[in-house]
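Biologist: I'm new to this one and would love a close look at a single part of it. Could you take me through it slowly?
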Amino acid sequence: MAGERFRTELGEAWLDDENGIVRFAYFAGGVCDLEGAKRILAVEERASGGKRLPILIDVRLPVTIDQEARAFFARIKSFSAFAFLMDSPVSAMMTKIFAAVHEKELVPTKLFNSEREAIDWLQGFSE
């Protein structure tokens with residue numbers, strides 16, 4: 001499964017074997033609702049091969065995620081840690097607010113502007 005990409009209309013997921021993580025990158029301009037969130041989780045889990053791995057979620061391209069989808073994502077326990085790669089202050093603010101509201105339901109979660117720093121942090125959660 002390494003290198004194989006699993007796509008939805010909103011983005012794609014793949015196993016980054018070299019770093020021991022799953023990656024998901026949103027496509028620009030997507031609007032993610034609850035059904036889209038479920039499709040994203042399905043491709044992320046498929047990329048993981050059923051293992052509980054850390055995941056790097058790239059949200060540097062503009063994307064809209066509605067409230068139902070955010071609530072769904074907050075309950076996901078399929079991954080050992082979440083790193084969000086972003087470069088927009090608005091995205092970072094929204095993700096911080098979201099993480100604070102759903103703090104009790106989240107696995108370790110952190111925001112990054114540097115891909116290398118995100119990967120280094122995630123590798124501490126590999127099983």
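Which strands does helix α4 (residues 115–122) lie across, and at about what angle to β7 does it run?

Modeller: Happy to, with one thing to keep in mind: this is a predicted model. Helix α4 lies across β3, β5, β7 and β8, and its direction is at about 180° to that of β7. To see what is under the helix, let's go through the sheet.

Six strands make up an open sheet, and if you walk across it you meet β1, β2, β3, β5, β7 and β8, in that order. The pairing is mixed. At the edges you find β1 (5–7) and β8 (109–112); each has a single partner strand, so one side of each has no neighbour in the sheet. From one strand to the next, the twist averages 20°.

Now zoom in on β5, which spans residues 55–58 and sits between β3 and β7 in the strand order. On one side, β5 is joined to β3 (residues 21–26) by four bridges, and the two strands run parallel. If you look for V22, you'll see it opposite I55 of β5. On the other side, four bridges link β5 to β7 (residues 82–85), again with the strands parallel. There, L56 faces A83 of β7, while I57 has F84 as its bridge partner.

What about the side chains of β5? In a regular strand, side chains alternate between the two faces of the sheet. Here I55 and I57 point one way, whereas L56 and D58 point the other way. Every one of these four is buried, D58 included.

The neighbours of β5 bring some rings into the picture. The structure holds six aromatic pairs. One of them is formed by F24 and Y26, whose centres are 4.9 Å apart. Their planes are at 85° to each other, which makes the pair edge-to-face. Both F24 and Y26 are buried. Over by β7, F84, the bridge partner of I57, belongs to an aromatic cluster together with F79 and F82.

One last stop takes us to the edge strand β1 (5–7). The charged end of R5 sits over the ring of W14, 3.8 Å from the ring's centre.

Technical notes: Residues are numbered from 1 along each chain as its sequence is written. This is a predicted model: local features need pLDDT of at least 70, side-chain atom pairs count only at pLDDT 80 or more; totals for chains, interfaces and linings use all residues. Side-chain values use heavy atoms; hydrogens and water are left out. Rings of Phe, Tyr and Trp (its six-membered ring) pair if their centres lie within 6.5 Å; planes under 30 degrees apart count as stacked, over 60 as edge-to-face and the rest as tilted. Buried means under 20% relative accessible area, exposed over 50%, partly exposed in between (1.4 Å probe, protein chains only). A charge sits over a ring if NZ of Lys or CZ of Arg is within 6 Å of the ring centre and within 35 degrees of the ring normal. Two strands pair if DSSP finds at least two bridges between them. Axes are lines fitted to C-alpha atoms, for helices over the stretch in contact, and angles run from 0 to 180 degrees between N-to-C directions. Contact means heavy atoms within 4.5 Å.
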